[in-house]
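Me: Please take a close look at the contacts with DNA and describe them in one connected account. Set them briefly in the context of the remaining architecture.

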There are 2 protein chains.
Amino acid sequence: MEIAENINLHMREIEDHFKAAISVDCVIFGYDESELKVLTLDCNMEPYLGFPSLLGDLVKNDENLDEAATRILFERTGITDVFLEQVKAFGETDRHPMGRVLTVAYYALIKVEDYRQNGQPRGIGAKWRSISQLNEMAFDHKNILDSSLHLLRKRLIEYPLWMKLLPKHFSLPELQNLFEAVLAKSIDKRNFRKKISKLGIIKEVGKKQEDVPHRPAKLYAVNEKKLREDYSFLLKNPFIS
Amino acid sequence: MEIAENINLHMREIEDHFKAAISVDCVIFGYDESELKVLTLDCNMEPYLGFPSLLGDLVKNDENLDEAATRILFERTGITDVFLEQVKAFGETDRHPMGRVLTVAYYALIKVEDYRQNGQPRGIGAKWRSISQLNEMAFDHKNILDSSLHLLRKRLIEYPLWMKLLPKHFSLPELQNLFEAVLAKSIDKRNFRKKISKLGIIKEVGKKQEDVPHRPAKLYAVNEKKLREDYSFLLKNPFIS
DNA sequence: AACTATTAGTGTATTTTTTACACTATCTAA
DNA sequence: TTAGATAGTGTAAAAAATACACTAATAGTT
């Protein structure tokens with residue numbers, strides 16, 4: 001093939017194809033009030049006016065996908081060092097009214113207390129919504145949420161990711177309830193505790209719950225030393241390069 | 001905000017952002033000569049001239065991602081109904097010399113015998129390469145291959161995907177070797193057979209290997225009836241919507 | 001026909017993991 | 001003191017995973 005012809009062909013390819021936009025949408029999970037919640041906005045774009053939407057943005061030209069996700073998390077919550085993992089790309093041709101916008105979904109795990117402290121000023125209009133009340137969403141965001149939740153469920157079983165969702169001090173009933181909320185099933189208390197204790201990565205902090213109208217539960221924290229030994233990859237973010 | 005201003009802002013967004021191309025790259029796995037192989041091309045683009053590359057193409061404007069992957073598979077192998085699953089998106093800003101090309105990776109499982117029958121005319125220049133010899137690849141394709149192999153390993157453990165790679169009739173030693181090749185570890189023969197037989201989805205076909213210079217192994221086939229009962233989702237392609 | 005080389009095929013005992021299951025303990029509020 | 005509510009604890013049975021060594025069938029050789 002002649003070089004000129006080759007260049008021509010490339011020109012045509014560029015004209016035909018370099019017309020898409022790339023966005024990142026984040027499914028920001030939080031655990032609060034004994035429920036799994038997602039940080040959402042109210043969509044302001046037709047035809048989805050008022051529908052809950054995920055937090056996303058177009059990817060800048062000099063930004064890779066992980067960077068875009070990290071930026072969105074920071075812009076919206078003020079939190080850095082967020083646990084993030086890519087879910088997958090969503091590329092239906094008609095998924096966005098503005099044109100061809102391929103979106104790459106990430107899920108994020110944050111401690112709601114961190115968000116309350118840092119985030120509210122920036123995350124204007126953002127609302128925590130329980131996953132059980134997220135049925136209709138803007139764009140294909142319900143689809144994205146479902147895929148993300150599916151991935152989170154798998155990850156929660158294989159890695160102790162719950163530590164990214166719970167406050168520094170937490171009780172075993174809280175931890176069990178988190179599992180039950182995410183996996184949407186009830187778990188035997190004794191077997192659950194046996195499994196957690198075998199992990200060996202939490203330790204008692206010597207305190208108890210306060211202000212509860214019943215027997216208070218002991219509080220635990222992650223044992224950073226054991227964590228480093230057995231799950232050092234969780235200290236960095238193993239899923240973000 | 002004024003409507004005109006709003007439109008203006010959108011115009012700027014379009015100008016700034018709708019400049020990316022989207023491609024799909026397929027990691028086409030095959031099992032042959034007791035090895036896990038990947039269908040590759042020799043890259044003809046600088047600076048990767050001669051490096052092995054995955055089979056990919058730009059996504060057409062009226063095509064979603066799954067459709068593009070299916071098309072690439074068909075164009076390159078002549079095979080329809082290929083088992084495909086999206087791996088993830090790769091979006092480093094500098095991953096492609098032609099500009100910003102976000103690529104979405106898929107892995108595919110095909111029977112090498114099907115490829116030999118249908119494919120060679122179209123897959124001009126395509127070569128099966130053993131994964132062990134794929135160290136340097138064009139673009140970020142080694143990275144894509146690694147992610148795909150990682151996903152395949154997980155999937156192979158949870159689902160009987162090996163049936164997508166083996167010929168209609170296969171022996172248990174072949175099946176075990178496939179596992180060993182994909183997982184890159186050796187497996188105890190008796191325990192392996194126990195596990196496979198508990199699945200209950202293969203049946204003897206009443207034949208034996210021929211032309212082997214030692215005791216011939218019995219041949220098996222997938223029991224379609226049992227498969228429908230226990231793994232009906234594998235008959236369709238569960239990972240392609 | 002006997003023998004050698006090579007791979008196929010088979011079962012049991014042990015350990016580990018998972019599951020099922022019910023009562024006592026501690027706190028608040030009345 | 002009592003009632004209400006939730007926290008906390010152990011054991012036995014079943015299932016799954018692991019470790020392990022010999023006999024069987026075929027082709028090729030002598």
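Reply: A polar contact is a pair of N or O atoms within 3.5 Å; within protein, one atom must be able to donate a hydrogen and the other to accept it, and residues adjacent in sequence count only if both atoms are side-chain atoms. The model is predicted, so local features require pLDDT of at least 70 and side-chain atom pairs count only at pLDDT 80 or more, whereas totals for chains, interfaces and linings use all residues. Residues are numbered from 1 along each chain as its sequence is written, chains are lettered from A and ligands numbered from 1 in the order in which they are written, and side-chain values use heavy atoms, with hydrogens and water left out.

DNA strand D comes first. A residue is near a strand or molecule if one of its heavy atoms lies within 4 Å of it. By that criterion 22 residues surround DNA strand D, and the nearest are A:Lys189, A:Lys194, A:Lys218, B:Lys194 and B:Arg215. Of the atoms of DNA strand D that come within 4 Å of the protein, 41% belong to sugar and phosphate. Both chains supply polar contacts to the bases: a side-chain N or O atom of A:Lys194 lies 2.9 Å from a base oxygen of DNA strand D, and one of B:Arg190 lies 3.2 Å from a base nitrogen. The backbone is also addressed, since the side chain of A:Arg193 places an N or O atom 3.0 Å from a phosphate oxygen. The elements giving two or more residues to this surface are α6 of chain A and α6 of chain B; helices are DSSP runs of H or I of at least four residues, strands are runs of E of at least two, and both are numbered from the N terminus. In composition, the surface near DNA strand D has seven nonpolar, three polar and twelve charged residues. Here Ala, Val, Leu, Ile, Met, Phe, Trp, Tyr, Cys and Pro count as nonpolar, Asp, Glu, Lys and Arg as charged, and the others, Gly among them, as polar.

DNA strand C is surrounded by 21 residues, with A:Lys194, A:Lys208, A:Arg215, B:Lys189 and B:Lys218 the closest. Sugar and phosphate make up 42% of its atoms within 4 Å of the protein. A:Lys208 has a polar side-chain atom 2.9 Å from a phosphate oxygen of DNA strand C. Base oxygens of DNA strand C lie 2.7 Å from a polar side-chain atom of A:Lys194 and 2.9 Å from a side-chain N or O atom of B:Lys194. Two or more residues of this surface come from each of α6 (189-199) of chain A and α6 (189-199) of chain B. Its residues divide into six nonpolar, three polar and twelve charged.

The protein context is as follows. Chain A superposes on chain B by a rotation of 180° with 0.0 Å of shift along the axis (RMSD 0.0 Å), fitted by least squares on the C-alpha atoms of residues with pLDDT of at least 70 in both copies. This is the relation of a two-fold axis. Both copies use the same surface, as 100% of the contact residues of chain A recur in chain B, contact meaning heavy atoms within 4.5 Å. Each of chain A and chain B contributes 36 residues. About 3,000 Å² is buried between them, 57% of it on carbon and sulfur atoms; buried area is the accessible area (1.4 Å probe) that two parts lose on being put together, summed over both.
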